[in-house]
Amino acid sequence: MTLKRLSSLLLPALFLAGLALALFCESHELHLIFGLSLTFTNMVLLLLTRYYGTIYGFSAATAVYAVSIFVWDKPYSQAIFLLELIVLGLLMRWSKRDRIVLADGLFWLLIGAPAMLCVYYLTYQTISIEIGLMVIILAANGLFNVLFADILWRYLPNRRLKKGLAFQQRPLYFSTVLFHIMIVSIALPFLFYIVNNSWNTYASLSNYSLQLASNTGRHIYEEIRNFEANTMQLTSPDTPEARNLQTLAQRYASEDQYRIIITSLSGEVLADSGNNDNAAALARFEPADSDYKIQDNFYLHVPEKKVRILPDQEWHEADYIYNTDLGPLPLHLTVLVPMRHYQEQVYGQYTGQFAFLILFFISAAIVGQIINRQLLRGLTGLTALTTNLPGKLFTAHKTEWPKSRIYEIRSLIRNFRGMSNKLVHMVQDSEHNNLLLKEQTNRLQQSEKKLHSLAYYDELTGLPNRLHFLEYTKSLDLDNSDRTLPFAVMFADLNRFKQVNDTLGHTVGDRLLNKVAGRFSGIVSEQCKVFRLSGDEFLFVLHYENISDVQRTAQVICDCLDEPFDINGRSLYMSVSVGISVFPFDGDEMDQIMRNADIAMYVAKEQGDGFYHFYDSLIENQRAENMQLENDLKSALHGGQFTLYYQPKIDAGSGEVIGAEALIRWMHPDFGVVSPAKFIPLAENSGTILDIDEWVLREACRQNKSWQSQGLAKFPVAVNISARHFYQSNLIPMITRILNETGLAPECLVLEITEGTLIHNVEYGVQVMEDLRKMGIHISMDDFGTGYSSLSQLDRLPINEMKLDRSFIQGLVEDSKKSSIVRAVIELGHHMDLRVVAEGIESPDELRYLTELECDQFQGYYFSKPLPSQEFSSFVRQWDGSALIQIP
């Protein structure tokens, strides 16, 4: 259950409990004697008023006193307590000063006591000691309730319950605590004394009255028992015997103290020492609910009043009644002891006691104030002096310590004096330390600024760095895509920056990066931020409204590097490639967005310098497929997934099969047949091409030797060697080892190389080819005309043949330019004593034209597609060259 729920249930319960306690106090007064009583109802009601407010407090008080007067027949004077509560409640609500006891004293002095005196005077037409005592007791009762309610209020939790259950304790002054202790020490013993004295007085009066009545009855009985009962005439009060009884009653009766009534057994009054008022009724007394039985024949009779205005009103006519039979005579004796005489004596006694109490209270208050002043003078002075003591010491305030005769306070003053002296020295030391601390703080602030700059900004370019970018991404709140505005991440990478560093040095490269960052900074705005991630990589974050804004900004990034950079008097041209990924379309996490932007940047590089490219999921799919293929190359090599196909070479003159080209195929378990054009570049990038080349070379040599062993014609098999392998120092040893392992003659092996193989180092390439040719191995220039080598180097190359690329063969007949190039290449090869091989022949027209140009060898789908080893062997055996070589 929550605190709020507990408060909602507890507050009404506590209020009802307080209301019930107030009703209990009102119904169970503390009776003293003769209508004098004390009640503690207002103490409870005043606490309810303070805790719950005046509305709830007044409502509870009205309900309690209404029940008291109209249900329980309490005197109307009880309303004075309701008036007291209302006055004090209004004062508490309107006044900020909490002096409720003084306010209650003024209430009784100015309102309560005069009002009660007026009511008594109007009722009895006189003012007596009895009335004064009643007023004093009412006032004392009211003050007692207010005093103890105030004490409980001060020492109990004092926040109003209607504001919650989180109570706060108010501070208490020590003088107030001492005063409360003194008041309680006087009031409680006096209360116990008054109650005990009242009860003892009541018991003494009852015993005395009983003794007086019983003695009177015994004496009367002794005198009348000598009467002769048979001669007595008791039928009428006018008989001589009745007159004797009247004389006897008058003699024993006291006009002020008691009254004697003698009646016959039939109830006729024979003698009455009083005035015969209500004598017969008293003689036949039957106790009522309001009467108090003391013994079997002794009662305290208090007559009931239909309307009770004052609390002691019925006690003016109260009597002790003693009834007994005077047997054996037919007489009944009633002795009445009036309470009025004793009431006046007791009231006089109580008046003196209460007057003494008031005097004692006043004297005690005066003495208490004097003692408090003596006790607390030093403590009060010490409190005032130690208030804001550090501030006084800081301002060199002159300190005059107070004096006290009380040992504990004097010791406390001495301790504070010593502590303040130490505090002065500490203040001086702290001021010195503060000066040092300020200097250190200034240094730390400068260091913090520098560290912040080093941590979040690139030292070379001054642009925000990767860490700054990570902090910036947190502010984008990507988790809440509904609230995050769309933005584009543009990954910018400088093209061929590594060449600048390697050629001109890192100093020039750093200056170039600084100038590039300066141009990029000109693009920065509220919507566009730029960061330097590392090296020559920059990252732009653009918040856009329309996708055209992204295109325009990307073009600005590319165009801002069009102008050359002046570095040490040298003009350097740079370009940039930009990859773009858009949130939330290309990903909902920053890592994914950056990865996609990086992928798009590499695509932009492939398109050329100074281009930008948006991320496309197709690109990622292609890259994912390439990555899988690249990862699967090793397992494919060792798992037997590679196989060799062979395409025959046809001699132009004889039409016979004079050779074959070994072509690798990959049977992938997931993708099926993978083209070499797809996986060979991946193998070259990953370095797996070296192992693949070795496997192809070994398998081709083994297969050629196997064909020769099977009786097939002896012809060379051509194997493609990658440019990366060509420059490995182990190429010739590897070929030598494979030839020795397979037993194949070197002249049965043709190595096909591309023109691009020689672009890195022509001299080294020529030397390797010379060594291979000396071994007897034939070398073929593959894809002639598509590379970058110069024709001036062609005469230096120790090659045996050159192959026309299929791109020249397609459309040869229709395209005069292609036919001129092919004619020139064939004539060039013949002039240099080189065989010319045309690959990719697919039609009779192409074959006819190449035959007319005297091309030496043919290869293409027109003759056969690449075949597995078994099918190739069958093809060679079944080949009828004379029939197929005839040109239609």
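The protein chain contains 28 helices and 24 strands, where helices (H or I, at least four residues) and strands (E, at least two) are DSSP runs numbered from the N terminus. This is a predicted model, in which local features need pLDDT of at least 70 and side-chain atom pairs count only at pLDDT 80 or more, while totals for chains, interfaces and linings use all residues. Residues are numbered from 1 along each chain as its sequence is written, and side-chain values use heavy atoms, with hydrogens and water left out.

The pLDDT, the predictor's confidence in each residue on a scale from 0 to 100, averages 78 over the protein chain, and 78% of the residues score at least 70. Among the elements of the chain, strand S19 (residues 717–720) has the highest mean pLDDT, 94, and helix H28 (residues 881–884) the lowest, 55. Over residues 159–168 the pLDDT is below 50; this stretch nevertheless has 23 contacts in the model beyond near neighbours in sequence, a contact being heavy atoms within 4.5 Å.

Of the 888 residues of the protein chain, 44% count as buried. Buried means under 20% relative accessible area, exposed over 50%, and partly exposed in between (1.4 Å probe, protein chains only). The chain exposes about 46900 Å², of which carbon and sulfur atoms supply 55%; accessible areas come from the Shrake-Rupley method with a 1.4 Å probe, and for residues only the protein chains shown count as cover. Among contacts with a separation of 6 or more, 66% are between residues 24 or more positions apart.

The interior may be considered next. In soluble globular proteins, nonpolar side chains tend to be buried together. A nonpolar core is here a set of buried Ala, Val, Leu, Ile, Met, Phe, Trp, Tyr and Cys residues joined through side-chain atoms within 4.5 Å. The largest such core has 76 residues, and those with the most contacts inside it are Phe 642, Leu 697, Ile 735, Leu 749 and Leu 850. Helix H20 (residues 689–709) gives the most to this core, with 7 residues. A second, separate core of 72 residues includes Leu 82, Ile 100, Leu 133 and Leu 270. Returning to Leu 850, its contacts, not counting residues up to four places away in sequence, are Ile 809, Leu 812, Val 822, Ile 826, Ala 838, Ile 841, Cys 855 and Phe 858.

Nonpolar side chains also appear at the surface. Leu 83, Leu 102, Leu 106, Leu 109, Leu 110 and Ile 111 make a nonpolar patch of about 570 Å². Patches are made of residues with over 30% relative accessible area and no salt bridge: like charges are joined within 9 Å, nonpolar side chains (Val, Leu, Ile, Met, Phe, Trp, Tyr) within 5 Å. Helix H5 (residues 100–124) supplies the largest share of this patch, 5 residues, whereas Leu 83 lies in helix H4 (residues 79–94). Leu 83 counts as partly exposed because its relative accessibility is 36%; Leu 109, in helix H5, is exposed, with a relative accessible area of 59%. The C-alpha atoms of Leu 109 and Ala 139 are 8.5 Å apart in space, although the two residues are 30 apart in sequence.

Charged pairs add further links. The structure holds 20 salt bridges, each a side-chain nitrogen of Lys or Arg within 4 Å of a carboxyl oxygen of Asp or Glu. One of them joins Lys 605 to Asp 493, with the closest N and O atoms 2.9 Å apart. Lys 605 lies in helix H17 (residues 590–607) and Asp 493 in strand S9 (residues 487–494), so this pair ties together parts 112 residues apart in sequence. Lys 605 is partly exposed at 25% relative accessibility, whereas Asp 493 is buried at 9%.

A further salt bridge connects Asp 609 and Arg 496 (2.3 Å, N to O). Because Asp 609 lies in the loop between H17 and strand S15 (612–614) and Arg 496 in the loop between S9 and helix H14 (497–504), the pair ties together parts 113 residues apart in sequence. Asp 609 is partly exposed at 35%, as is Arg 496 at 46% relative accessibility.

By contrast, Arg 698 and Glu 694, joined by a salt bridge (3.4 Å, N to O), both lie in helix H20, 4 residues apart, about one turn of the helix. Lys 649, Glu 661, Glu 752, Glu 801, Lys 803, Arg 835 and Glu 839 are linked in a network of salt bridges.
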